[in-house]
Amino acid sequence: MEILIAAVVAFIVFTLYRFFRQRKIIKTLTEEEFISGYRKAQLIDVREPKEFDAGHILGARNIPMSQLSQRMPEVRKDQPVYLYCQSGARSARAAFMLHKKGYRDLYQLQNGFKKWNGKIKKTKKASY
């Protein structure tokens, strides 16, 4: 029983640590805040190509989370980086990766693309 309690406490502490660390690394923006700033920034969709082709925010570049470490040189450090994925989990992980490499001006879309109401573009080759 003591081991279970210790495990639960450790999990809660770890979760709180990641939450507060994430808030220092990346700023989560509402859709309105995101729209007002992403045109002056690098807009990066970290979803996989099939997801991107099925629909993405107009003007976004697709750098999937699975390719980010190899394609990081494509992302400039001297400009804000606006990230999004389907729900926010992958964009948060991408922000951690970018932060470790010296990127500091990082933003993510609150609730991800699934809640996006702005303009989107679909690629003709989309198979969804």
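# Talking through a parallel sheet

Student: Which residue stands opposite V81 in β6?
Tutor: In this model, which is predicted rather than determined by experiment, the residue of β6 that stands opposite V81 is L106.

Student: And what is the bridge partner of L83 in β6?
Tutor: The bridge partner of L83 is Q108, and the two strands concerned, β5 (residues 81–84) and β6, pair in the parallel sense over 3 bridges.

Student: Which way do the residues of β6 point, and are they buried or exposed?
Tutor: Strand β6 covers residues 106–109, with L106 and Q108 pointing one way and Y107 and L109 the other way, and all of them are buried.

Student: Which helix goes with β5 and β6 in the β-α-β unit, and what is its handedness?
Tutor: The helix is α5 (residues 89–100), and together with β5 and β6 it makes a β-α-β unit that is right-handed.

Student: Let's zoom out, then. How many strands form the open sheet, and in what order?
Tutor: There are 5 strands, and reading across the sheet gives the order β1-β6-β5-β2-β4, with parallel pairing. As general background, strands of a sheet pair through backbone hydrogen bonds, and this can be parallel or antiparallel.

Student: Which strands stand at the edges?
Tutor: Those are β1 and β4 (61–62), and because each has a single partner strand, one side of each is left without a neighbour in the sheet. For β1 (residues 27–29), the pairing with β6 is parallel and runs over 3 bridges, and within that pair L29 stands opposite L109. At the other edge, β4 is joined to β2 by 2 bridges, and these strands also run parallel, with I44 standing opposite R61 of β4.

Student: What about β2, where do its side chains point?
Tutor: Strand β2 (residues 42–45) has Q42 and I44 pointing one way and L43 and D45 the other way, and all are buried. It pairs with β5 in the parallel sense over 4 bridges, and one of the matched residues is L43, whose bridge partner in β5 is Y82.

Student: Changing topic: which residues touch the most other members of the largest nonpolar core?
Tutor: That core has 18 residues, and the ones touching the most other members are I44, V46, V81, L83, L98, Y103 and L106. The elements giving two or more residues to this core are β5 and α5, and α5 gives the most, with 4 residues. In soluble globular proteins, nonpolar side chains tend to be buried together.

Student: Where is the nonpolar surface patch, I mean, which residues make it?
Tutor: The patch of about 930 Å² is made by M1, L4, I5, V8, V9, F11, I12, V13 and L16. If we take V9 as one of these, its place is in helix α1 (residues 2–25).

Student: Why is V9 called partly exposed?
Tutor: Its relative accessible area is 45%, and because the partly exposed class lies between 20% and 50%, V9 falls into that class.

Student: Is E32 buried or exposed, and which helix is it in?
Tutor: E32 is found in helix α2 (residues 31–37), and with a relative accessible area of 58% E32 is exposed.

Student: Last one, how many residues apart are E32 and S91 in sequence?
Tutor: They are 59 residues apart in sequence, and in space they are 18 Å apart from C-alpha to C-alpha.

Technical notes:
Residues are numbered from 1 along each chain as its sequence is written. This is a predicted model: local features need pLDDT of at least 70, side-chain atom pairs count only at pLDDT 80 or more; totals for chains, interfaces and linings use all residues. Side-chain values use heavy atoms; hydrogens and water are left out. Buried means under 20% relative accessible area, exposed over 50%, partly exposed in between (1.4 Å probe, protein chains only). Two strands pair if DSSP finds at least two bridges between them. A crossover is right-handed if, with the strands pointing away from the viewer, the path from the first strand over the helix to the second runs clockwise. Patches are made of residues with over 30% relative accessible area and no salt bridge: like charges are joined within 9 Å, nonpolar side chains (Val, Leu, Ile, Met, Phe, Trp, Tyr) within 5 Å. Accessible areas come from the Shrake-Rupley method with a 1.4 Å probe; for residues, only the protein chains shown count as cover. A salt bridge is a side-chain nitrogen of Lys or Arg within 4 Å of a carboxyl oxygen of Asp or Glu. A nonpolar core is a set of buried Ala, Val, Leu, Ile, Met, Phe, Trp, Tyr and Cys residues joined through side-chain atoms within 4.5 Å.
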